[in-house]
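The questions below ask why certain labels apply in this structure. Each reply sets a value against its cut-off and concludes.

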Amino acid sequence: MANLGIGLIGYAFMGAAHSQAWRSAPRFFDLPLQPELNVLGGRSADAVQAAATKLGWKETETDWRKLIARDDVQLVDVCTPGDTHAEIAIAALEAGKHVLCEKPLANTVEEAEAMTAAAAAANAKGIRSMVGFTYRRVPAIALARQLVAEGKLGTIRHVRAQYLQDWIADENAPLSWRLDKTKAGSGALGDIGAHIIDMTQFITGDTIGEVSARLETFVKERPVAASHSGLAGTAGTQRGPVTVDDAAVFLATFRSGALGVFEATRFATGRKNAIRIEINGSLGSLAFDFEDMNLLHYYDAGEDSRTAGFRRILATEPDHPYVAAWWPPGHLLGYEHGFTHQVVDLVTAIANGTDPAPSFADGLQVQRVLAAVEASSASRQWQEIPA
């Protein structure tokens, strides 16, 4: 089996999740290439070395350009803040390296367009790229996509999607890069709203054509962080401005004519990671909540009305997507498994010479929706999204 040398840039929350995925995928799935965790990149030599020891990486680099140039790196995994995605990903693609880039693809449409153009040029030379919308790889969500594609819901009429968190509901929670527009691009909109945009488009096989939106920043100023660990931090004595949205709500029209209602907030007190999707069609409905992520609820409108109702599907059977490689039926999967499935799909595509999904072009489409939501909130008008 040929080896695939991995260079991962970024070692915090997403870096840890991706590291586990690269370690786990070849141990549970029969991969056509063997991933090797060759080098971990980060700015602080001491911190990146500690992370490499903990997460299982052989070597470290403090300069991402040196990481890309290494002969033992064939794939660059980008887990840095959004303001660096374009520069790193484009450089890696131009160096002939496959690229996995965390979502959202970029901070602006212009950056995403440049990344997509670089990906297309690299693709012509056999270099593959993918954006990390990992919730596509939850077995229940992948099953929902199959059911819609098989026509089980008929004509899609309504899409409802929420992503609800409360991790900064405390107005004294400290600032982080995720609250800085220059680094993050946007707040709840891009950080978590991007997920439900991609997820609903993935399940329905349709894309959003126009939006009417409102963004709000509830807490305009916060303590500067004295330290950070993942999403948590310790507040210092100084305060600084919040320059991103705390919440985003918008109406959407899909190109098929289906209507959508979207909400993304980090102020839903008591909700930790609630991703709620409901899709209504002429023949049935689907409903999903990530806080009970192994379940998919399905309603068949053709059933006898005396006994019709939402069916509770526990998506842990061997014939459900991805599940056969794991545990016996009923033994639940978790958050981390989506990242492992992402590795499986990407490595398989690279080995087979096929295009992995979601592509950078898919990431660009999501970026255009994000930009239209921001523009609509500013103008208080409907905004169209280019096809």
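Q: Why is the contact of R137 with D345 called a salt bridge?
A: In this predicted model, the closest N and O atoms of R137 and D345 are 2.9 Å apart. The cut-off between a side-chain nitrogen of Lys or Arg and a carboxyl oxygen of Asp or Glu is 4 Å, so the pair qualifies as a salt bridge.

Q: What makes this pair a link between distant parts of the chain?
A: R137 is in the loop between strand 6 (129–132) and helix 6 (139–149), while D345 is in helix 9 (residues 337–352). The two are 208 residues apart.

Q: Which term applies to R137, and which to D345: buried or partly exposed?
A: R137 has 4% relative accessibility; buried means under 20%, so R137 is buried. D345 has 24%, which falls between the limits of 20% and 50%, so D345 is partly exposed.

Q: How do you know that D191 and R266 form a salt bridge?
A: Their side chains meet at 2.9 Å, N to O. That value is within 4 Å, so the definition is met. D191 lies in helix 8 (residues 188–204) and R266 in the loop between strand 12 (259–265) and strand 13 (274–281), so the salt bridge ties together parts that are 75 residues apart in sequence. Both D191 and R266 are buried.

Q: Why is the pair of E221 and R239 counted as a salt bridge?
A: The closest N and O atoms of E221 and R239 are 3.3 Å apart, and the limit is 4 Å, so the pair is counted. E221 belongs to strand 9 (residues 221–229) and R239 to strand 10 (residues 232–241), 18 residues apart.

Q: What makes E221 and R239 partly exposed?
A: E221 has a relative accessible area of 43%, and R239 has a value of 43%. Partly exposed covers the range between 20% and 50%, so the term fits E221 and R239.

Q: How many salt bridges are found in the whole structure, and which residues are linked in a network?
A: The search finds 22 salt bridges. E59, E61, R70 and D72 are linked in a network of them.

Q: Why are C79 and C101 in no disulfide?
A: The sulfur of C101 is the nearest cysteine sulfur to that of C79, at 8.4 Å. A disulfide needs the two sulfur atoms within 2.5 Å, so C79 and C101 do not make one. The structure holds 0 disulfides.

Q: How do you know that C79 and C101 are buried?
A: C79 has a relative accessible area of 11%, and C101 has 0% relative accessibility. Buried means under 20%, so C79 and C101 are buried.

Q: What makes helix 4 largely enclosed by the rest of the structure?
A: In helix 4 (residues 85–94), 7 of the 10 residues are buried, so the helix is largely enclosed. The buried residues are H85, A86, I88, A89, I90, A92 and L93. After helix 4 comes G96, with a positive phi near 85 degrees.

Q: Why is W382 called partly exposed, and which residues form a nonpolar patch with W382?
A: W382 has 44% relative accessibility, a value between 20% and 50%, so W382 is partly exposed. L251 and V261 join W382 in a surface patch with about 290 Å² of accessible area together. W382 sits in the loop between helix 10 (360–379) and strand 17 (383–384).

Key
Residues are numbered from 1 along each chain as its sequence is written. This is a predicted model: local features need pLDDT of at least 70, side-chain atom pairs count only at pLDDT 80 or more; totals for chains, interfaces and linings use all residues. Side-chain values use heavy atoms; hydrogens and water are left out. Buried means under 20% relative accessible area, exposed over 50%, partly exposed in between (1.4 Å probe, protein chains only). Patches are made of residues with over 30% relative accessible area and no salt bridge: like charges are joined within 9 Å, nonpolar side chains (Val, Leu, Ile, Met, Phe, Trp, Tyr) within 5 Å. Accessible areas come from the Shrake-Rupley method with a 1.4 Å probe; for residues, only the protein chains shown count as cover. Helices (H or I, at least four residues) and strands (E, at least two) are DSSP runs, numbered from the N terminus.
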